[in-house]
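Biologist: I should like to understand how the labels attached to a model are justified. May I ask about them one at a time?

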Amino acid sequence: MNKKSNRIKRWQLNVFVDYYRQENVNSYRFNILELLKHLASIYKLDYAISVDHPFPFDDNLSNQLVNKDIIDLIYFRSNKNTRIERKEFRKAIDSMFRKVPSIFYEGVDIGTQLYKVLKEFPFPTDFYRPLNYPWIEHHKDSQITLLIYADEVQKVIEEEQDYNLN
């Protein structure tokens with residue numbers, strides 16, 4: 001009898017957010033990046049965010065709008081605790097941002113990089129790994145720092161300062 005492994009194959013998926021104009025950055029960046037961080041937390045994915053990512057200039061392109069756009073690059077990578085396959089995660093990203101025109105994100109393009117270019121955009125050594133809420137690990141090279149989400153820290157501070165509870 002063959003036992004099927006419950007382990008998910010290791011994978012990486014990069015998501016780009018093209019804001020086109022500074023006004024769109026001011027309006028949408030925080031919400032979009034927070035949503036993507038929450039997805040990483042839900043599915044237990046390693047993630048890193050490159051804000052205003054410096055994409056290389058390509059002399060062969062006739063349209064150089066990409067170099068004038070403001071683009072964030074979000075790296076996602078599975079780990080031993082991941083709860084979703086790459087294909088399913090990509091479907092989730094596509095269904096949230098690509099399938100239905102969004103009035104909320106008008107003027108912003110969000111999508112996934114092609115698999116064939118992932119070698120050119122390797123996963124960074126400085127990244128975050130969500131654990132059980134509210135804990136998160138920050139990995140930088142070989143150092144690991146245990147962190148707690150700011151909203152949970154704020155709750156503790158508020159409870160500490162509420163003299164009615166003491």
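Biologist: Which elements each supply at least two residues of the nonpolar patch?

Modeller: In this predicted model, strand E7 (143-148) and helix H3 (150-161) each do so. The patch consists of Trp135, Leu146, Ile148, Val153 and Ile157, and together these residues have about 410 Å² of accessible area.

Biologist: What makes tryptophan 135 partly exposed?

Modeller: Its relative accessible area is 40%. Buried means under 20% and exposed means over 50%, with partly exposed in between. Tryptophan 135 is therefore called partly exposed, because 40% falls between those limits. The residue is found in strand E6 (residues 135-140).

Biologist: Why does aspartate 18 count as buried?

Modeller: The relative accessibility of aspartate 18 is 9%. The cut-off for buried is under 20%, so aspartate 18 meets it. This residue is found in strand E1.

Biologist: Which residues does aspartate 18 touch, not counting residues up to four places away in sequence?

Modeller: They are Asp69, Ile70, Ile71, Gly107, Val108 and Asp109. A contact requires heavy atoms within 4.5 Å.

Biologist: What makes the approach of the side chain of aspartate 18 to the backbone nitrogen of tyrosine 20 a polar contact?

Modeller: The side chain reaches that nitrogen at 3.1 Å. The limit for such a pair of N or O atoms is within 3.5 Å, so the distance of 3.1 Å satisfies it.

Biologist: How do you know that the span of helix H2 is close to what is expected?

Modeller: Helix H2 (residues 86-97) has twelve residues and reaches 17 Å from its first C-alpha to its last. The expected value, at 1.5 Å a residue, is 16 Å. The span is accordingly described as close to expectation.

Biologist: Which residues of H2 are buried, and what do they pack against?

Modeller: The buried residues are Phe89, Ala92, Ile93, Asp94 and Phe97. They pack against strand E1 (12-18), helix H1 (22-43), strand E3 (71-77) and strand E4 (109-112). An α-helix has 3.6 residues a turn, so residues three or four places apart point the same way.

Biologist: How many helices and strands does the protein chain have, and in what order do the elements run?

Modeller: There are three helices and seven strands. From the N terminus on, the order is β-α-β-β-α-β-β-β-β-α.

Biologist: What share of the residues of the protein chain count as buried?

Modeller: Of the 166 residues, 37% count as buried. The chain exposes about 11,600 Å², of which carbon and sulfur atoms supply 52%.

Methods
Residues are numbered from 1 along each chain as its sequence is written. This is a predicted model: local features need pLDDT of at least 70, side-chain atom pairs count only at pLDDT 80 or more; totals for chains, interfaces and linings use all residues. Side-chain values use heavy atoms; hydrogens and water are left out. Helices (H or I, at least four residues) and strands (E, at least two) are DSSP runs, numbered from the N terminus. The expected span of a helix is 1.5 Å times one less than its number of residues. Buried means under 20% relative accessible area, exposed over 50%, partly exposed in between (1.4 Å probe, protein chains only). Patches are made of residues with over 30% relative accessible area and no salt bridge: like charges are joined within 9 Å, nonpolar side chains (Val, Leu, Ile, Met, Phe, Trp, Tyr) within 5 Å. Accessible areas come from the Shrake-Rupley method with a 1.4 Å probe; for residues, only the protein chains shown count as cover. A salt bridge is a side-chain nitrogen of Lys or Arg within 4 Å of a carboxyl oxygen of Asp or Glu. A polar contact is a pair of N or O atoms within 3.5 Å; within protein, one must be able to donate a hydrogen and the other to accept it, and residues adjacent in sequence count only if both atoms are side-chain atoms.
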